[in-house]
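Student: Got a minute to walk me through the sheets in this one? I'd like to know how the strands line up.

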Amino acid sequence: MSYPLVCLGNPLLDLQVDVDAEYLAKYDLKADDAILADEKHLPIYNEALNNKSLKLVAGGAAQNAARGAQYILPPKSVVYFGSVGKDVYAKQLHEANEQYGLRTEYQVQEDHATGKCAALISGHHRSLVTDLAAANHFKAAHLQKPENWALVEQAKYFYIGGFHLTVSPEAIELLGKHAAENNKFFKDPLDRSLPYVDYVIANESEAAAYAESHDLADIKDDIVAIAKAVAKLPKANSKRSRVVTFTHGTEPTVTVTYNAEADSFDVKEYPVRPLQEGSVVDTNGAGDAFAAGFLASLVEEKSLEESVKVGQWAASLSIQQVGPTFPFPKQTYSA
């Protein structure tokens, strides 16, 4: 099957620069956080362009994961949807994706520039400040074009970045309903789409944020308890159990699978893949790389355990590179 994996998200050009704690404080930013830019943050982008440490990297969480999954999978396995401007930045995104063999079906905006994300790196921490621009104008109608919907119908797995919820809930629901009605896999971490979700992938801070926003503050530091709460939420496709996977930095990755018939949970923990001291170059995009390996394994019908381990391997590859990238010549997974 061509293009068994369809991904949807916000394509962004990352402006990655090194900063210190004082710079983050200047703009009321936190390490290991991700926000949408408001007016007070807009000077950051010009400052980044003039920063000597600037690195331009193709970004956007779902696009990073899509590129990484295509890195692992055979040719013509992944297609990515998103919205860009008609500009040189979109061209840079195209070129980065082509290097990996990722097929992109962008919706092109005539009146909006390609979105950008300031990735502010302080040590092994990163703070992401995003101006969605063209990415914020994606419309479900683009998916419904006959040539694009044919790709959706042929696909078996669907991955949607949580950030896209602020852009086009209609597009998410469109894919989610298709996935549920046709007994296909689908992922997205937030409420409106959760009834259609088979796999939730998040990190510990996202898990805590979910708990705090859903009257679960008493368990916000217990990722297993949060995972159980998410896993047990109502589900449109009862033929599949929901699996919640939470990464936790250098702590073990946790998976929780809910069995509705038995009203029980299967909880597993997987120690992270060890790396030699000093080999970590850049942790920006590590979570996206984990998702890439996990998704690729689902496409290849690997077990949950192996999917987690391939995800950890992909993350370990990526953090030894600059930005959310992978090394060439291509490397293949080994346990």
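**Strands and their partners**

Tutor: Sure. E3 runs parallel to strand E8 (residues 125-131), and 4 bridges join the two. Keep in mind that this is a predicted model.

Student: Which residue in E8 does Leu 36 stand opposite?

Tutor: Leu 36 faces Thr 130 there.

Student: OK, and what order do the strands of that sheet come in?

Tutor: The order is E3-E8-E7-E2-E4, so to speak an open sheet of 5 strands with mixed pairing. Strand E3 (33-36) and strand E4 (55-59) are the edge strands, each pairing on one side only. From one strand to the next, the twist averages 25°.

Student: Which helix packs on this sheet?

Tutor: Helix H3 (residues 61-72) does, touching strand E2 (12-18) and E4. The direction of H3 makes about 80° with that of E4.

Student: Switching to the other sheet, the one with E10. How many strands form it?

Tutor: 4 strands, in the order E10-E11-E12-E13, and this sheet is open with mixed pairing too.

Student: Why is one side of E10 and of E13 left without a neighbour?

Tutor: Because strand E10 (199-203) and strand E13 (264-270) stand at the edges, each has a single partner strand. Neighbouring strands in this sheet are turned by 15° against each other on average, ignoring direction.

Student: What about the E10 and E11 pairing, parallel or antiparallel?

Tutor: Parallel, over 5 bridges, with strand E11 covering residues 243-248. In E11, Thr 247 is the bridge partner of Asn 203. Helix H8 (residues 204-213) packs on the sheet and touches E10 and E11, its direction making about 105° with that of E10.

Technical notes
Residues numbered from 1 in each chain as written. Predicted model: local features only at pLDDT ≥ 70, side-chain atom pairs only at ≥ 80, totals over all residues. Heavy atoms only, no water. Pairing = 2+ DSSP bridges. Axes fitted to C-alpha atoms, helices over the stretch in contact; angles between N-to-C directions. Contact = heavy atoms within 4.5 Å.
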